[in-house]
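Biologist: Before we discuss particular residues, please place the structure before us. I shall then ask about it point by point.

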Amino acid sequence: MKAIVYTEFGPPDVLHLKEVEKPAPKDNEILVRVHATPVSYGDMTARNFKNISSRKFHMPLPLLFATRMVFGFNKPKINVLGSEFAGEVEAIGKDVIRFKAGDQVMGYLGQRMGAYAEYLCMPEDGSVAKKPSNMTYAEAATVPYGAIMATSLLRKGNIQSGQKVLVNGASGGIGSAAVQLAKHYGAEVTGVCGTQRLDFVKALGADKVIDYTKEDFTQNGEAYDLIFDILGKSSFAQSKRSLTATGRILYASFKTKHLLQMLWTSLFGSQKVICAMASEKSEDLVFVKEQVEAGKFHTIVDRCYPMERAAEAHRYAESGQKRGFVVITMG
Ligand SMILES: NC(=O)c1ccc[n+]([C@@H]2O[C@H](COP(=O)([O-])OP(=O)(O)OC[C@H]3O[C@@H](n4cnc5c(N)ncnc54)[C@H](OP(=O)(O)O)[C@@H]3O)[C@@H](O)[C@H]2O)c1
């Protein structure tokens, strides 16, 4: 089968189309013929991991070491990127009961990666669900990562109906799902993103949008019950004035200082800092599939690139020009 392989860290040109061995499903696994996979934040970070400094890594230092153990220090240990996909089940292992050949599915592989290929195998009890019937493969491929992360993290942020919620980083993988899920919970949602993607975030259903290149949300006099900061761009000290008296700031990306603030605010004061890791549950993916089919969860694909133009897809995704998701299509 064909796969997009990289054997050294670096710019998009390290990605090459190669022939590799087609995987075979184990007894509990499904074999998926991949139709589409998006270019995600994780793909671009992993591709260039050697050059990601501790400052650019949005998590505590020990996690940088742990992630380097997974992705490699000087050379990539994982040679095929791609953490989410949509495709068709081609074959199943003998113990599989949830899926059958011919099922259209979408799924999330996490740090295992491997979706930049014509075929992949994954356990049937992994983060995989049937594809929403009203989405193309390219659209469905953009759903799993953001949906799983946002569903899990918003729950950890204890989101409630009627709350005012601000999503800082609303145009990205997690943020675009968070905007829509927060609306589902009955929140009034403000999305913060760059100029190019304001229309995208409005189209997702945000009640208000703020362009972070022109306005600092901590200075606008508004107070939110929950600030969901995807890249950890806003400090707690500055954001305090943008939180209600019992408001919470939820960091998807956090450093050790945020963990200390979480500890401190768990003991003192009524405004809280929450640093949370998402848990991957296939039920969350099934829930989002239902939201998509009910017309309550959307995605916007900006451009699709065939496998052989994967480097171009990465260059465009990194250019700052994209207005929705960038997707690589197979076959
Ligand atoms: N806690 C967890 O369990 C967990 C799980 C997965 C990932 N993560 C973390 O989530 C992060 C990746 O999230 P993602 O995949 O959603 O990333 P992404 O798709 O690259 O999106 C990043 C978002 O941040 C916005 N942004 C960039 N600069 C900003 C600024 N100065 N102020 C405000 N917003 C800004 C971008 O806006 P524009 O594009 O419009 O400029 C975009 O909306 C990583 O740091 C990763 O470590 C955490």
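Biologist: In which helix does leucine 63 lie?

Modeller: This is a predicted model, and the answer should be read as such. Leucine 63 has a relative accessibility of 34% and counts as partly exposed. The helix in which leucine 63 lies is α2.

Biologist: What distance separates the C-alpha atoms of leucine 63 and valine 167?

Modeller: Along the chain, leucine 63 and valine 167 are 104 residues apart. Their C-alpha atoms are separated by 24 Å.

Biologist: Which residues form a nonpolar patch on the surface?

Modeller: One of the members is valine 70, found in helix α2, which covers residues 61-71. Valine 70 has a relative accessible area of 30% and is partly exposed, because that class lies between the limits of 20% and 50%. The patch has about 360 Å² of accessible area together, and its residues are Phe65, Met69, Val70 and Phe73.

Biologist: How many salt bridges does a search of the whole structure find?

Modeller: Side chains of opposite charge can pair when their charged atoms come close. The cut-off applied here is a Lys or Arg side-chain nitrogen within 4 Å of a carboxyl oxygen of Asp or Glu. Searched in this way, the whole structure yields 14.

Biologist: How many residues apart in sequence are the parts that aspartate 27 and lysine 94 tie together?

Modeller: The side chains of aspartate 27 and lysine 94 meet in a salt bridge at 3.6 Å, N to O. Aspartate 27 belongs to the loop between β2 (16-19) and β3 (29-38), and lysine 94 to the loop between β4 (84-92) and β5 (104-108), so the parts tied together are separated in sequence by 67 residues.

Biologist: Is lysine 94 buried or exposed?

Modeller: Its partner aspartate 27 is partly exposed, with a relative accessible area of 39%. Lysine 94 has a relative accessibility of 67%, and because the limit is over 50%, lysine 94 counts as exposed.

Biologist: Which helix holds glutamate 318, the partner of arginine 47?

Modeller: Arginine 47 and glutamate 318 meet through their side chains in a salt bridge of 2.8 Å, N to O. The pair links distant parts of the chain, 271 residues apart, with arginine 47 in helix α1 (residues 41-47). Glutamate 318 lies in helix α10 (residues 310-318).

Biologist: Is arginine 47 buried or exposed?

Modeller: Glutamate 318 has a relative accessible area of 41% and is partly exposed. For arginine 47 the relative accessibility is 2%, and because the limit is under 20%, arginine 47 counts as buried.

Biologist: How far apart are the closest N and O atoms of lysine 202 and aspartate 199?

Modeller: Both residues lie in helix α6 (residues 198-203), three residues apart, about one turn of the helix. Lysine 202 is partly exposed at 48% relative accessibility, while aspartate 199 is exposed at 56%. The closest N and O atoms of this salt bridge are 4.0 Å apart.

Biologist: Which residues are joined into one network by salt bridges that share partners?

Modeller: Aspartate 27 and lysine 94 form a salt bridge. Through shared partners, the network joins Asp27, Lys94 and Asp95.

Biologist: What is the phi of methionine 113?

Modeller: Most residues other than glycine have a negative phi. Methionine 113 is found in the loop between β5 and β6 (119-123), and is buried, with a relative accessible area of 7%. Its phi is positive, near 55°.

Biologist: Where is asparagine 158 placed?

Modeller: Asparagine 158 has a positive phi of about 55° although it is not a glycine. At 43% relative accessibility, asparagine 158 counts as partly exposed. Its place is in the loop between α4 (144-156) and β8 (164-168).

Biologist: Which helix gives the most to the lining of the largest cavity?

Modeller: The count comes to one cavity of 30 Å³ or more, and about 50 Å³ of space lies in the largest cavity. Its lining divides into four nonpolar, six polar and no charged residues, including Thr142, Gly173, Gln180 and Phe325. The most, four residues, comes from helix α5 (residues 173-184).

Methods. Residues are numbered from 1 along each chain as its sequence is written. This is a predicted model: local features need pLDDT of at least 70, side-chain atom pairs count only at pLDDT 80 or more; totals for chains, interfaces and linings use all residues. Side-chain values use heavy atoms; hydrogens and water are left out. On a 1 Å grid over the protein atoms alone, a cavity is a set of points where a 1.4 Å probe fits but cannot get out, and a pocket is an open set with protein on both sides within 12 Å along at least five of seven lines; lining residues have an atom within 4 Å of a point. Grid points are joined across faces, edges and corners, and a volume is the space filled by probe spheres set on the points. Helices (H or I, at least four residues) and strands (E, at least two) are DSSP runs, numbered from the N terminus. Ala, Val, Leu, Ile, Met, Phe, Trp, Tyr, Cys and Pro count as nonpolar, Asp, Glu, Lys and Arg as charged, and the others, Gly among them, as polar. Patches are made of residues with over 30% relative accessible area and no salt bridge: like charges are joined within 9 Å, nonpolar side chains (Val, Leu, Ile, Met, Phe, Trp, Tyr) within 5 Å. Accessible areas come from the Shrake-Rupley method with a 1.4 Å probe; for residues, only the protein chains shown count as cover. Buried means under 20% relative accessible area, exposed over 50%, partly exposed in between (1.4 Å probe, protein chains only).
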